[in-house]
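Here are a few exercises to help you find your way around a new structure. Try each task yourself before you read the solution.

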Amino acid sequence: MHPTDKKLTSTQMQDAEIVNERTGEKWVYSEIVKDHFFHPRNLLLEDPQEGQFDAVGIVGSPACGDVMKIWIKVDPTTDRIADLKWQTFGCGSAIASTSMFSVMCTEDGGIQLTNALQIKPQHVMERLAGLPNRKIHCSVLADKAFRKAANEYFRASGQHQRVIVEHARVVDDRLNITDKDIEEAVLEGAQTLEDVQRKLKVGVGNPDAIPEIEQLIRFYHEKYYG
Amino acid sequence: MDTSRTVYLDHAATTPTDPRVVVAMAPYFTEEYGNPSSLYAAGRRAKRALDEARAGIARVLVCAPEELLFTASGTESDNMAVLGVARAYAGRGKHLVTTAIEHHAVLNPVEHLAKHEGFSATVLPVDEDGRVTPEQVVASLREDTVLVSVMYANNEIGTIQPIAAIARAIHQWKEAHGRKRADAPFLHTDACQATGFLDLDVQRLGVDLLTINGSKCYGPKGIGVLFKRRGVKLEPLVFGGGQEQRLRSGTENVAGAVGFAAALAIAAEEREAECTRLTELRDWFINEIQARVPKIVLNGHPTERLPNNINVSVLDIEGEAMLLYLDAHGIAAATGSACDSQTLDPSHVILAIGRPYEYAHASIRFTMGRQTTREDLAYVLDQLPPITERLRAISPVRLEMHAKKTIGSGASSETAKALLGQRPHWETKQ
């Protein structure tokens, strides 16, 4: 185990953070992030063998700049993660956060699937001693890919009641516009932010949501027309 | 990792200030600190220094000193040209023409005018090398066109535009439409990246407005110039004491102007030799990287490009990850990846030349400068293959070369299939 894989005390975390004294904003990667970026744990560097894993999950798209793929092997008697490997096409933040996610799932002899499914991006970020604000967005793939892999495992092992169904998610919190709304707008022919705005008045409520909405438009456009 | 060596290959972002420029500027901080608007001796000496700087820059641009306005940056000069001309001639017409690969310092004011001040804008597409043609420009001109803004050389891919030919075509159009040289439409060019590499003679170029700045040509940061041909009217953006012919108020940056003039004089003198040296290095580097690393795509024109610019897409790799590895080896470069931008948008220039999003995320720009040696480039060429190999081993993406423009078509069919029918990966930012 690498020294930085250990859970951190709050003082250690403060030491590792680099914070702009005036704005309080973290602006560069912490030492832990750099360590995981340059020495990613649990990478799958060769094609998996037949039977090596129980399930695989892939999310993201090259057009959006991130693709994440996670393989899992589960011990059926204990429900613990016996092995977890990953690959990513992504920036430093995506690589480091997935590496840390893989450590959190496999530490202490592998945690149980139920617990692993509780790991959220902010838990990974805490263990990484934070990420620069504008990079948080890039670090949210690992748990999504993992959930897909877990669902595949649940279905394959007949545990249908455990499959996690995803719901629509609010993108613009002021107008309560969800990713589903944007998907529908794209299906109705919207191609640009302006098109979607005309249909939904989205982005008028919360300007901060615009970059994400643009990515959603690109994503759904690729999905249906790419 | 090896951080003993540092190789700065981001001269398109900014250049170091030439020590000779620093020497020229030095007296204007603590000794000659007078305000050029003041009547007494110290003020007059500052005024003289400012006049001499202006005259020096005018010699390089082959214009009258009164045709030059000092600003604080290339961005300000671009804004002043676009907003200033558009507003001054709004009574004549409200149509603007620009290109899809302009710097945001031009695109954003154009967008602002279109959104908030009732202008319409034609944004010309470029070909796969990033060029526009004079025919395209002329075809876009209308009776109500007041300004055309086409950059001289692109900051990302280095592609050089045929500015003199575009100017000639506009002049012919004006003549055919019974307009004088001093009538709209006018031609502005952003020449910030061209400085030190291309001919800045505004008579030969035939432009009406031209933007340059200090920090791209070994001068100081915080100083820009807008050339504005005599007779072209501008609405000011900054109001106050009436400096710079009442067009740009604010106490003049005397040290900056002196430094900029010194830097430009040096750049003009060294231009030819430096262009020859860098063109040779550029072509060698591009050949070598394509020979040593598989799946490399050159972005920009192969020959009509700035001598110092190398821009390639390293397929299957995300640009920011590449920059971090290069940085760990002491190499400074730039990327068009969304992950390296504040807006999360990938480079509009790489997209405009018809490359898929994946290519933009994978683009790396190396821009050489005076200090760049063949040894520096050889070092980079040694580091690149292992870094690329490692990042490709991490990546589940396998792009096919020569992908078409369609969004997402660059992904291999296997990846594309795996991605179909799924929901997006970014979720609640709790």
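**Exercise 1: a helix and its cover**

Keep in mind that this is a predicted model. Find which residues of α3(B) are buried, then work out what covers them.

*Solution.* Begin with the list of buried residues: in α3(B) they are G43(B), A46(B), A49(B), L50(B), A53(B), R54(B), G56(B), I57(B), A58(B) and L61(B). It helps to recall that an α-helix has 3.6 residues a turn, so residues three or four places apart point the same way. Next, look at the surroundings: the cover over these buried residues includes α2 (27-30), β2 (68-71), α8 (202-205), β7 (209-213), β8 (224-228) and α9 (254-292) of chain B.

Now check the length of the helix. α3(B) covers residues 41-61, which makes 21 residues. At 1.5 Å a residue the helix should span 30 Å, and its end C-alpha atoms are 30 Å apart, so the two values agree. Finally, step past the end of the helix: V62(B) follows α3(B) and has a positive phi, near 55°.

**Exercise 2: a strand with two covered faces**

Decide whether the faces of β7(B) are covered or open, and find its partner strands.

*Solution.* Take one side at a time. L209(B), T211(B) and N213(B) lie on one side and are buried. L210(B) and I212(B) lie on the other, and they are buried too. Because 5 of the 5 residues are buried, β7(B) is largely enclosed by the rest of the structure.

Then turn to the neighbours. Strand β6 (residues 186-190) of chain B runs parallel to β7(B), joined by 3 bridges; here H188(B) stands opposite L209(B). β8(B) runs antiparallel to β7(B), with 5 bridges between them, and F227(B) in β8(B) is the bridge partner of L210(B).

**Exercise 3: cysteines without a bond**

Explain why C105(A) forms no disulfide.

*Solution.* Start with the total: over all chains, the structure holds 0 disulfides. For C105(A), the closest cysteine sulfur is in C91(A), 20 Å away, which is too far for a bond. C275(B) is also in no disulfide, as the nearest cysteine sulfur, that of C217(B), is 13 Å away. Both residues are buried: C105(A) has a relative accessible area of 0%, and C275(B) has 14%.

**Exercise 4: a loop residue**

Locate S395(B) and list what it touches.

*Solution.* S395(B) sits in the loop between α13 (374-394) and α14 (413-419) of chain B. With 1% relative accessibility, S395(B) counts as buried. Leaving out residues up to four places away in sequence, S395(B) touches Q87(A), T88(A), F89(A) and D316(B).

Methods:
Residues are numbered from 1 along each chain as its sequence is written. Chains are lettered from A and ligands numbered from 1 in the order in which they are written. This is a predicted model: local features need pLDDT of at least 70, side-chain atom pairs count only at pLDDT 80 or more; totals for chains, interfaces and linings use all residues. Side-chain values use heavy atoms; hydrogens and water are left out. Helices (H or I, at least four residues) and strands (E, at least two) are DSSP runs, numbered from the N terminus. Buried means under 20% relative accessible area, exposed over 50%, partly exposed in between (1.4 Å probe, protein chains only). Contact means heavy atoms within 4.5 Å. The expected span of a helix is 1.5 Å times one less than its number of residues. A disulfide is a pair of cysteine sulfur atoms within 2.5 Å. Two strands pair if DSSP finds at least two bridges between them.
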